[in-house]
Amino acid sequence: MATKVDFSSYPRVRATPAARRAARERGIKLSEIKGTGLEGRIQLYDVENLKSIEKTKKRATPLAKSIAKIHGVDIEVLEGSGFRNKVLKADVEKHLAEERQRAKGKEEKCKIIPLTPMRRVIAQRISNSYFTAPSFTLNIDVDMTKTKALREEVKELILIELGNKITFTDIIIMAVSKALMRYPILNGSLIEEGILLHEYVNMGLAVGLDEGLLVPVIRDTHRKSLREILSDTKDVIERAKNNRLLPHEMEGSTFTISNLGMFGITHFTPIINQPNSAILGVNTITDKMVVLGGEPRVRPIMTLSLTIDHRIVDGAPGAKFLRYIKELLENPIQLLI
Amino acid sequence: MGRGGKRMKEMTYAEAIREAMSEEMRRDEDVIFIGQDIGLYGGAFGVSVGMFEEFGEERVRDTPISEAVIAGAATGAAVTGLRPIAEIMFMDFTTIAMDAIVNQAAKIRYMFGGKARVPMVLRCPAGSGTGAAAQHSQSLEAWFCHVPGLKVVAPSTPADAKGLLKAAIRDDNPVIFVEQKLLYKKKCRIPDDEDLIIPLGKADIKREGGDVTIVTYGRMVEKVLNVAQEVAKEGINVEVVDPRTLVPLDKETIINSVIKTGRVIVINEAVKTGGYAGEIAAIITESEAFDYLDAPVLRLAGKDVPIPYNPELEKAVIPSEGDIKEAIYRVMNR
C-alpha cells in the first residue's frame with residue numbers, strides 16, 4: 001500500500017510533464033505558478049491560463065552579471081544566448097559593442113537600422129544568386145500597340161465580371177508562360193545532377209514592399225486562362241502586402257517576373273531568383289518615335305530586360321526566347337492559339 | 001449494403017472465427033485444424049460446428065487430451081509445410097504446451113537462420129466471466145508477449161477477429177490468438193468479404209476524442225466504449241485505441257493519440273503485476289509523448305489474485321465500468 005506523502009515538504013515543484021514543457025516554452029518559472037491539480041500539482045491548464053505573467057528575472061552567469069554591473073548595463077534588456085536563454089559574457093559584450101556603434105553613429109549624424117529578419121534573408125539570397133550565377137542581361141523593345149488595344153477591349157468585361165482591373169503584368173505573365181513552354185531551358189534549374197527541366201510554369205512575381213521584397217508564386221500559369229492568372233495575381237499581391245502569404249506560397253517558382261514599369265524605369269538588370277535560370281524585368285511603356293515602312297510613327301514602346309544565368313543558357317537561346325515574347329506581345333492574338 | 005457499397009452481414013465473434021478458418025481452409029489445402037473436441041463435437045464453445053463435416057477428419061483433427069501434443073504436433077506440422085491452426089481449449093492450459101511454444105515454435109526460425117518457417121496459429125479461448133474459476137479463466141497474453149519470435153493478437157470485435165485470424169493464418173510465424181470467451185456471443189455487422197484481412201500490427205481507433213486516451217484490447221474495449229459514451233455527456237471526450245495486435249505493437253498510433261490528449265489510461269483484464277498494460281504504459285512514458293502528459297499514466301487491470309469462483313467476487317476482480325469512469329475523472333482532475 002502506498003503511504004501518504006506530505007508533498008509540501010518537498011523542495012521540488014510538482015508539475016506534469018506537459019505543464020513543464022509549456023512553462024519551458026514560455027520562459028515561465030514553475031515556482032511562480034500555483035497548481036490546481038492533485039496536491040497542488042501544476043497542470044498544463046495552470047500554465048496556459050496564467051493571468052498576469054510576472055516578468056521572470058533574467059538568468060545570467062556571474063561573470064556576465066559583474067561585467068554588466070561595471071558598465072551599468074541592465075541585464076533584463078539583454079537577450080541571452082546560453083542554455084535556456086541565460087545571459088552570457090558574450091551577450092553583454094555584444095550589447096556594449098552595439099552601444100558604442102550607436103554612440104558613434106550619433107556623433108557622425110548617422111544612424112544604424114538593424115536588419116529585419118526579412119532584410120537578412122533578402123541580403124543572403126541576393127548575394128548567393130549574384131555571386132554564384134555569372135549572368136548577363138538582354139534588352140528588347142516591344143511595340144505594345146496591340147497589347148494595349150487588347151487590354152482596353154477586355155478591361156470593361158473583366159471589370160464587370162471579376163471586379164478587377166486587368167494589368168499589363170497579367171498579359172505578360174500569360175505570354176511569358178507560353179514562351180517558356182517553347183523554350184524550356186529558360187524554365188530550368190541547375191541542380192547537382194544536371195539541368196532540371198520543369199514541365200510546368202510556376203511564375204514568381206516580385207512584389208515590392210516598404211520593408212523589402214517578396215516573391216509569391218502563381219502555380220501552373222502555363223495552363224491558366226487570363227482570368228485565372230488575373231485573379232491569382234491580384235490575390236497574392238494583395239496578401240503579400242498584408243503579410244498574409246504562407247511560406248509554401250513563396251516556394252517552387254520556375255521563372256520570375258519583376259515589373260518596375262510603374263516607376264517609369266526604362267531598363268534595368270534584375271538579379272535572378274535562384275534556382276531559376278532567368279528573370280524578366282518589365283519596364284515602362286512610353287510613346288516613342290519609331291520608323292515604320294520609312295515613315296516616322298509614334299508607338300507605345302516597352303523594353304523587356306532578361307537576365308540569364310550563363311551557366312545554363314547561352315546568348316542565342318536567350319535572345320530567341322525574348323524575341324518570341326516580343327512576337328506574342330506585338331500580336332497578342334497568338335496567345336489564343 | 002454497408003460503407004463503400006460492400007455487403008454487410010451480422011455474425012457473432014464465434015461465427016466470424018469459424019468463417020475465417022473455413023475460408024482459409026477452402027483457399028489453401030495446407031491449412032489444417034487440430035484440438036480437443038473440435039471435430040465431431042464442434043468445439044467446447046461451438047466455434048467449429050460444421051467444420052468436421054465440411055473438411056473431414058484428416059483436416060479437422062481431434063487430439064488426445066494433451067496440450068503438449070497439440071502444440072508440439074502443430075509446430076512439427078508447420079515446420080514440415082502445413083499451416084496448422086491449433087486450439088488450446090482454455091488458455092490456462094498453455095502451461096502444459098509451453099516447451100513446444102516457447103522453446104521450439106518461437107525459436108526455430110531464428111536458430112535455423114531463417115531457413116525454417118513456423119506458420120501456425122494457436123487459438124486460445126481466455127478470460128474470466130463464465131464462472132469457470134481460477135484454472136479456466138486466466139488472461140496470460142503477457143507471457144507470450146515476453147517471448148521474441150511469437151506474435152500475439154487479441155481482437156475485440158467479430159470483424160477484427162475475422163480479419164486478424166485470416167492474416168494470422170497467412171503469416172509465416174507462430175501467432176498466439178487470444179479469444180476472450182465472453183466475446184464469442186457478441187454480434188456485429190461485418191463486411192461480407194472473403195478478402196477481409198486486417199494486417200497484424202495495426203491499431204484501430206475505436207472512438208475519437210481529444211481529452212483522454214484509453215488504450216485497451218479484447219473484452220475491455222466494449223466496457224470502455226460504454227463509459228466513453230457516458231462521460232461524453234459531461235464533456236469528456238475519450239479516444240479509445242485498440243491495438244488489436246499486442247506483438248508487434250502499433251506504438252505510433254498510441255503515442256500520437258497521447259500527444260493529442262495528454263492523458264492516458266491503459267486497461268487490460270489480466271492481473272496488473274507484469275501485465276501488458278504496464279509494458280504499454282512504459283512505452284508511452286519513454287516516448288516523445290512524455291512531454292505532453294498532463295497526468296500520471298494510469299493502469300487499470302485485474303486484481304493480483306486468482307480468479308474467484310463466486311460470481312460476485314469474479315466480477316469484482318476485473319475492472320468495472322465504474323472503475324474506468326473513476327480513472328477518467330482522476331486523470332481529468334475532477
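Helix pairs whose axes cross at under 35 degrees count as roughly parallel, those over 145 as roughly antiparallel, those from 65 to 115 as roughly perpendicular, and the rest as oblique. Keep that in mind for this predicted model, where α7 and α9 of chain A cross at roughly 140°. That angle falls outside the three named ranges, so α7(A) and α9(A) are oblique to each other. Here's a quick tour of that helix pair, then of the two chains and their contact.

**How α7 and α9 of chain A cross**
- Helix α7(A) covers residues 168–182 and α9(A) covers residues 315–330, and their axes come within 9 Å.
- As for handedness, the crossing of α7(A) and α9(A) is right-handed.
- On the α7(A) side, the residues that do the touching are A:Ala175, A:Val176, A:Lys178, A:Ala179 and A:Arg182.
- Their counterparts in α9(A) are A:Phe321, A:Tyr324, A:Ile325, A:Leu328 and A:Leu329.
- Sort the residues of this contact by type and you get 8 nonpolar, 2 charged and no polar.
- A bit of helix background: with 3.6 residues a turn in an α-helix, residues three or four places apart point the same way.

**α7 of chain A in its surroundings**
- The length checks out: at 1.5 Å a residue, the 15 residues of α7(A) should span 21 Å, and the end C-alpha atoms are indeed 21 Å apart.
- Buried residues run through much of the listing for this helix: A:Asp170, A:Ile171, A:Ile172, A:Ile173, A:Met174, A:Ala175, A:Val176, A:Ser177, A:Ala179 and A:Leu180.
- A:Ala175, A:Val176 and A:Ala179 are buried and also take part in the contact with α9(A).
- Besides α9, the buried residues of α7(A) pack against two other helices of chain A, α6 (145–162) and α8 (226–241).
- Strands get in on it too, with β4 (203–205), β8 (255–259) and β9 (278–292) of chain A packing against those buried residues.

**The two chains**
- Chain A has 9 helices and 10 strands, while chain B has 11 helices and 14 strands.
- Of the 337 residues in chain A, 27% count as buried; in chain B, buried residues make up 51% of 334.
- Take the contacts between residues at least 6 apart in sequence: 60% of those in chain A join residues at least 24 apart.
- The matching figure for chain B is 79%.

**Where the chains meet**
- The contact draws 9 residues from chain A and 8 residues from chain B.
- On the chain B side, those residues split into 4 nonpolar, 2 polar and 2 charged.

How values were computed
Residues numbered from 1 in each chain as written. Chains lettered and ligands numbered in written order. Predicted model: local features only at pLDDT ≥ 70, side-chain atom pairs only at ≥ 80, totals over all residues. Contact = placed C-beta atoms within 7 Å. Nonpolar A, V, L, I, M, F, W, Y, C, P; charged D, E, K, R; others polar. Axes fitted to C-alpha atoms, helices over the stretch in contact; angles between N-to-C directions. Helix = DSSP H or I, 4+ residues; strand = E, 2+ residues; numbered from the N terminus. Left-handed = near helix turned anticlockwise from the far one by under 90°. Expected span 1.5 Å × (residues − 1). Buried ≥ 20, exposed ≤ 12 C-beta atoms within 10 Å, placed from the backbone.
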